[in-house]
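Please take a moment to look over the sequence and the model below before reading on. The paragraphs that follow lead from the ligand outward to a few individual residues and loops.

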Amino acid sequence: MDCLRIQGGRPLKGEVPISGAKNAALPAMAACLLTEAPLQLNNVPDLADIRAFLLLLETLGVTYQKGPDVRQLTLSAASLRQVLAPYNLVRKMRASILVLGPLLARHGRAKVSLPGGCAIGVRPIDLHLKGLETLGASISLEDGYICAEAPKGLVGGTITFPIVTVTGTENLLMAATLAQGTTTLINAALEPEIANLAQCLNAMGAHITGLGTPTLTIECVPALKSASHTILPDRIEAGTYALAAIATRGTLTLRAPQLASLLPSALSVFTQIGAEITVEERSLTIAAPSTFSSCDITTEPFPGYPTDLQAQAMAVLSLAEGASLIRETIWENRFLHVAELVRMGAHISVQGLTAVVRGVPALQGAPVMATDLRASSSLVIAGLAARGETTINRLYHLDRGYEAVEEKLTACGACVERVPAS
Ligand code: EPU
């Protein structure tokens, strides 16, 4: 198992190319299961989670080709071997549940392992299952597997989500494309990855309206066809580098289109901390202030402040003047990074779903342990800002969601190296 060794205290300066979004690429990859025609995806990031999802698709019988561009992936589900997504693959990545809706819609049945919980929370999927039942599926749970059947095909209906669910909306959106009649999704998630998936499905011949709104209407089409679709930039990767620029008192230009519209609440938080932001058509530049102002953050569904940038903001606010309150409203256990930041000298106390962060003048490097994907990027930010050496163990969490992280950081002046765990 690798770890990341960081010599902290160097301001990040330069440009960072922002990769395609993991959380948009995964549902788009699942969409290939809806048709026997090939689906070409562009701007797919090279990440452990993408490779794990490809392995699951391959197990189902999907074939794929990479290139000619390094970020291009063409998937073909012309003939499937099985409709069973096994436990050993699903347990490693909960987004595997995204195969359920498309398999059921096209093949009339699917057997997908229940994903189980993970470090950040219980992660139930009851709303995915209730939505599929509304579309006429019969669902039973057997030996840890979801067994879903709709032998005569799914039938459109109205699904009202009681709370916002990102992959729940994506699963139902994909299933509804082939469901007879009209389906309406009410209180659909507004995350930009949903509209990106709907664009992909429409390019494949689906009939979805209401993109970017909480009500999505899907008219049935008999079959989907071949298409080429581009994955949108990773707003969480961009926000993570922006916070790294602030933490190290540096200046970074993040290269990707649309970043300001993908990060509305995060940019307002960065400005409150004191950063200067310059938005251009295909880039965003963030310059750190000399001192950081404290700021209160509540994580919320889009367009609110993303839970996936909560841990990273905490690393920065641990260096702010005064106290900040951070409320986590999406996941019940997403403060696992706190104990590690405290080992680096941060003053943070947690009461329930609220963390009180009292700024300290400096963090000290230390050996720390990554507990989940975003916790690991928070520790990278803390390590880059800290005095001395930080070693982050369990680096595989970071590799799930950040492409070429050492290369990108080194190009901006950071001193980081991947070393085998001692
Ligand atoms: N929920 C239910 N029932 C359900 C589904 C969700 O109660 O059937 C609850 C969850 O327990 C949670 C809330 O609803 O409290 C929101 O969960 P959601 O379904 O939106 O989360 P998700 O779709 O499993 C995606 C991202 C996460 C991100 C969340 C919130 C993907 C593959 N994952 O998860 O990304 O934190 O939305 O924005 O898109 C990450 O990238 O690090 C990550 C964890």
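How far does a polar side-chain atom of Lys 22 lie from an oxygen atom of the ligand, and what is that distance in what is a predicted model? In this predicted model, the separation between the polar side-chain atom of Lys 22 and the ligand oxygen is 3.2 Å. Two further polar approaches can be found around the ligand: an N or O atom in the side chain of Thr 165 is 2.7 Å from a ligand oxygen, while for Val 166 it is a backbone N or O atom that lies 2.8 Å from an oxygen atom of the ligand. Taken alone, the ligand exposes 830 Å², and the protein buries 87% of that area.

The wider surroundings of the ligand can be described as a shell. In total, 22 residues surround the ligand, and the closest of them are Asp 126, Thr 165, Thr 167, Asp 308 and Ile 330. When the residues of this shell are sorted by character, 11 are nonpolar, five are polar and six are charged. Several helices contribute to the shell, since at least two of its residues are supplied by each of helix H1 (22–31), helix H5 (126–134), helix H6 (166–176) and helix H13 (373–385). The largest share, three residues, comes from H5.

Among these helices, H1 deserves a second look. Why can H1 be called largely enclosed by the rest of the structure? The reason is that nine of its 10 residues are buried, where buried means a relative accessible area under 20%. The buried residues of H1 include Lys 22, the residue whose polar side-chain atom lies 3.2 Å from a ligand oxygen. The others on the list are Ala 24, Ala 25, Leu 26, Pro 27, Ala 28, Met 29, Ala 30 and Ala 31.

One residue of that list, Ala 28, leads on to another helix, because Ala 28 is touched by Cys 200, which is buried at 0% relative accessibility. Cys 200 is found in helix H7, which covers residues 192–203. Leaving aside residues up to four places away in sequence, Cys 200 touches Leu 39, Leu 41 and His 229 as well as Ala 28. The C-alpha atom of Cys 200 is also separated by 7.8 Å from that of Ser 228, although the two residues are 28 residues apart along the chain.

Helix H7 itself has 12 residues and reaches 17 Å from its first C-alpha to its last, which is close to the 16 Å expected at 1.5 Å a residue. Because nine of those 12 residues are buried, H7 is largely enclosed by the rest of the structure. The buried residues of H7 include Pro 192, Glu 193, Asn 196 and Leu 201, together with Cys 200. After H7 comes Gly 205, whose phi is positive, near 105°.

A strand offers another example of a buried residue. Is Ser 324, with a relative accessible area of 1%, buried or exposed? Ser 324 is buried, and its place is in strand E19, which spans residues 323–327. The side chain of Ser 324 reaches the backbone nitrogen of Cys 295 at 3.1 Å. Not counting residues up to four places away in sequence, the residues that Ser 324 touches include Ser 294, Cys 295, Asp 296 and Leu 317, and also Ala 355, Val 356 and Val 357.

The last stop is the backbone of the loops. Most residues other than glycine have a negative phi, and most peptide bonds are trans. Against that background, a cis peptide bond with omega of about 10° joins Gly 67 and Pro 68, and Pro 68 has its place in the loop between strand E4 (63–66) and strand E5 (73–76). Another cis peptide bond, with omega of about 10°, joins Phe 302 and Pro 303, the latter residue being in the loop between strand E18 (297–298) and helix H11 (310–317).

Positive phi values can be found in loops too. Asn 43, a residue other than glycine, has a positive phi near 65°, and it sits in the loop between strand E3 (39–42) and helix H2 (48–60), where its relative accessibility of 22% counts as partly exposed. For Ala 404, phi is likewise positive, near 45°. Ala 404 lies in the loop between helix H14 (396–399) and helix H15 (405–411), and at 34% relative accessibility it counts as partly exposed.

Definitions and conventions. Residues numbered from 1 in each chain as written. Predicted model: local features only at pLDDT ≥ 70, side-chain atom pairs only at ≥ 80, totals over all residues. Heavy atoms only, no water. Near = heavy atom within 4 Å. Polar contact = N/O pair within 3.5 Å; in protein donor to acceptor, adjacent residues only side chain to side chain. Areas by Shrake-Rupley, 256 points an atom, 1.4 Å probe, with all protein chains shown as cover. Helix = DSSP H or I, 4+ residues; strand = E, 2+ residues; numbered from the N terminus. Nonpolar A, V, L, I, M, F, W, Y, C, P; charged D, E, K, R; others polar. Buried < 20%, exposed > 50% of the residue type's maximum accessible area, 1.4 Å probe, protein only. Contact = heavy atoms within 4.5 Å. Expected span 1.5 Å × (residues − 1).
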